[in-house]
Amino acid sequence: AKPAKGQPAKPAVKKTCKYWQHGECLKGAQCPLAHPTKVCNKFPACPYGDKCRFRHVRPRARAAQPAVPDCIICGETVPLHRAVHPKQQESFKIESCGHQFCATCLVNWANSMLEQGKQTVCCPMADCNALMDPVDVMYAEHIHRQVVISEGHVATIDYFRSVLQALLVEPSRTEHSVAMVQQYPTTFKYESQMKQRYGKRLQMLAKSLDPSARLWFQENTRSCPQCQVLLHKDGGCDTVQCRCGRAFSFSSLPSLTLPA
């Protein structure tokens, strides 16, 4: 109807932009059609459809939540952790096997292997020969026993590697070393049995050598201060890094003493 004489004309109502109703209009503020912001309370059953003067907000499809894997040992849906962590050495990298389990199962697995007299602990996965390092066990024990670490440090595998090296190589300079051994009993039991394994190898080597070979080993090899494995350096700089991760000065170590 036309307005009465003397009355102002009502402003023309813009049509609603159908692209705005379906999500987003590429023209934005330059669009000549209406972009309502007030949400229609009758949507999705609104009888006006795209011509409605209110915004039709279409519900977004919910992203599928990633399935949380279960530990294949206990079957629990809990955070999983690597059984064997990768280690970067001086010129090569020891890869992990990639198998994951909950921290409690990893600690219980290591304990069961050590109680059986095993001197090395493999990954719990069947047919996997990747060896667990004492640092791997220490990281799992930290989570399993909920050990509180020093303020200012972050519980990463590199942090535990540095702590374990300090405790094994320079225990007198490490604060609370006795408490650390009590907090991580499985880790230090594993480390102790690994040293016994290398000690037995050293005894077997000494028995099989003739006098000249014994002399060569004593003069040219050194024993890693962390894992006791024998090392020989043929040229290069004086710094040596063992497969266990311990770096040290080759010339600073004492000469090898073979058992009689």
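# Asking why: a salt bridge, ring pairs and unpaired cysteines

Tutor: Let's start with Glu141, which forms a salt bridge with Arg145: their closest N and O atoms are 2.8 Å apart. Keep in mind that we are looking at a predicted model.

Student: Why is the contact between Glu141 and Arg145 called a salt bridge?

Tutor: The cut-off between a side-chain nitrogen of Lys or Arg and a carboxyl oxygen of Asp or Glu is 4 Å. Here the closest N and O atoms of Arg145 and Glu141 are 2.8 Å apart, so the pair is within the limit and counts as a salt bridge. In general, side chains of opposite charge can pair when their charged atoms come close. The structure holds one salt bridge.

Student: Where do Glu141 and Arg145 lie, and how many residues apart are they?

Tutor: Both are in helix α3, four residues apart, which is about one turn of the helix. An α-helix has 3.6 residues a turn, so residues three or four places apart point the same way.

Student: How do you know whether Glu141 is buried or exposed?

Tutor: Its relative accessibility is 0%. Buried means under 20%, so Glu141 counts as buried. Its partner Arg145 has 36%. That value falls between 20% and 50%, so Arg145 is called partly exposed.

Student: And what makes α3 largely enclosed by the rest of the structure?

Tutor: Nine of the twelve residues of α3 are buried, and therefore the helix is largely enclosed. Among the buried ones are Pro134, Val137, Met138, Tyr139 and His142. As for length, α3 reaches 16 Å from its first C-alpha to its last, close to the 16 Å expected at 1.5 Å a residue.

Student: Now the rings. How many aromatic pairs does the structure hold?

Tutor: There are three aromatic pairs. In one of them, Tyr139 and Phe160 are 5.8 Å apart centre to centre, with 75° between the planes.

Student: Why is the pair of Tyr139 and Phe160 called edge-to-face?

Tutor: Two checks are needed. Ring centres must lie within 6.5 Å, and 5.8 Å passes. Planes over 60 degrees apart count as edge-to-face, and 75° is over that mark, so the name fits. Tyr139 lies in helix α3 (residues 134-145) and Phe160 in helix α4 (residues 157-169), so the pair ties together parts that are 21 residues apart in sequence.

Student: What about the rings of Phe160 and Tyr184: how do you know which kind of pair they form?

Tutor: Use the same reasoning. Their centres are 6.3 Å apart and their planes are at 70°, so this pair is edge-to-face too. It links distant parts of the chain, with Phe160 in helix α4 and Tyr184 in the loop between α5 (177-183) and α6 (185-208), 24 residues apart. Phe160 and Tyr184 are both buried. Ring pairs link Tyr139, Tyr159, Phe160 and Tyr184 into a cluster.

Student: How many disulfides does a search of the whole structure find?

Tutor: The search finds zero disulfides. Take Cys74: the nearest cysteine sulfur, that of Cys105, is 3.7 Å away. A disulfide needs sulfur atoms within 2.5 Å, so Cys74 is in no disulfide. Cys74 has 35% relative accessibility and counts as partly exposed. Cys123 is also in no disulfide, with the sulfur of Cys97 nearest at 3.7 Å. At 3% relative accessibility, Cys123 counts as buried.

Student: What makes Asp127 count as buried or exposed?

Tutor: Its relative accessible area is 80%. Exposed means over 50%, so Asp127 is exposed. Asp127 is found in the loop between α2 and α3, and its phi is near 65°, a positive value in a residue other than glycine.

Student: How do you know which label suits Gln146?

Tutor: Gln146 has 67% relative accessibility. That is over 50%, so Gln146 counts as exposed. Its place is in the loop between α3 and α4, and it has a positive phi of about 55° although it is not a glycine.

Student: How many helices and strands are in the chain?

Tutor: The chain has seven helices and eight strands. Of its 260 residues, 33% are buried.

Conventions. Residues numbered from 1 in each chain as written. Heavy atoms only, no water. Phe/Tyr/Trp six-rings, centres within 6.5 Å; stacked < 30°, edge-to-face > 60°. Helix = DSSP H or I, 4+ residues; strand = E, 2+ residues; numbered from the N terminus. Buried < 20%, exposed > 50% of the residue type's maximum accessible area, 1.4 Å probe, protein only. Expected span 1.5 Å × (residues − 1).
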